[in-house]
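Me: Hey, I've got a structure open and could use some help reading it. Can I throw a few questions at you?

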Amino acid sequence: MKKNYLYGIAAAAAFCALAFGLWRVWQSSLPETAEGEKTVTVEVTHGDGSTAEFTYQTDLEYLGELLAQEGLISGTPGDYGLFVETVDGETVDYARDQSWWRLTQNGQDVTTGADAVVLRDGDRYGWFYTSG
């Protein structure tokens, strides 16, 4: 009986060590944030082709946080962060016409949600109404 108890303790300790190791790997894979004041530009291309440009000065670290705070974006929280449905007052409807918002950072498509995009001084972000 005592032997089984020791095996249980050893298994629990091994599980904790593995969980901590996986957490450290996950933490090290996250992009480093940039502290301090940053100036960023956001350009929105609407469904009708018109554009609007916004410049923000902030000490926030993530794009999604900044744009939600400024009222430029809104959407539905999900498992992978905010699903952006409205940008600059224009709402997409995927069920109607397969429309969605495409996000770029310095001209490159972003592969994460806006919540995970780290703000860097001088960066340019683009939101493009896309359908089909």
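Reply: Sure, let's go through a helix, a lysine and a sheet. Heads-up: this is a predicted model, where local features need pLDDT of at least 70, side-chain atom pairs count only at pLDDT 80 or more, and totals for chains, interfaces and linings use all residues. Residues are numbered from 1 along each chain as its sequence is written, and side-chain values use heavy atoms, with hydrogens and water left out.

Me: Okay, which residues of helix α2 are buried?

Reply: Leu63, Gly64, Leu66 and Leu67, in a helix that spans 63-70. Buried means under 20% relative accessible area with a 1.4 Å probe, protein chains only. Helices here are DSSP runs of H or I, at least four residues, and strands are runs of E, at least two, numbered from the N terminus.

Me: Why are they on the same side of α2?

Reply: Because they cover an arc of only 165° around the axis, going by directions from the helix axis to the C-beta atoms.

Me: And what covers them?

Reply: Strands including β1, β2, β3, β6 and β8.

Me: New topic: what's the nearest opposite charge to lysine 38?

Reply: Glutamate 61, whose side chain is 6.2 Å away. Lysine 38 is buried and has no salt bridge, meaning a side-chain nitrogen of Lys or Arg within 4 Å of a carboxyl oxygen of Asp or Glu.

Me: So which backbone oxygen lies 3.2 Å from a polar atom of its side chain?

Reply: That of leucine 60.

Me: Last one: what's the strand order in the open sheet?

Reply: β3-β4-β5, with antiparallel pairing; strands pair if DSSP finds at least two bridges between them. The edge strands are β3 and β5.

Terms used: Buried < 20%, exposed > 50% of the residue type's maximum accessible area, 1.4 Å probe, protein only. Contact = heavy atoms within 4.5 Å. Lys, Arg positive; Asp, Glu negative; His and termini not counted. Polar contact = N/O pair within 3.5 Å; in protein donor to acceptor, adjacent residues only side chain to side chain.
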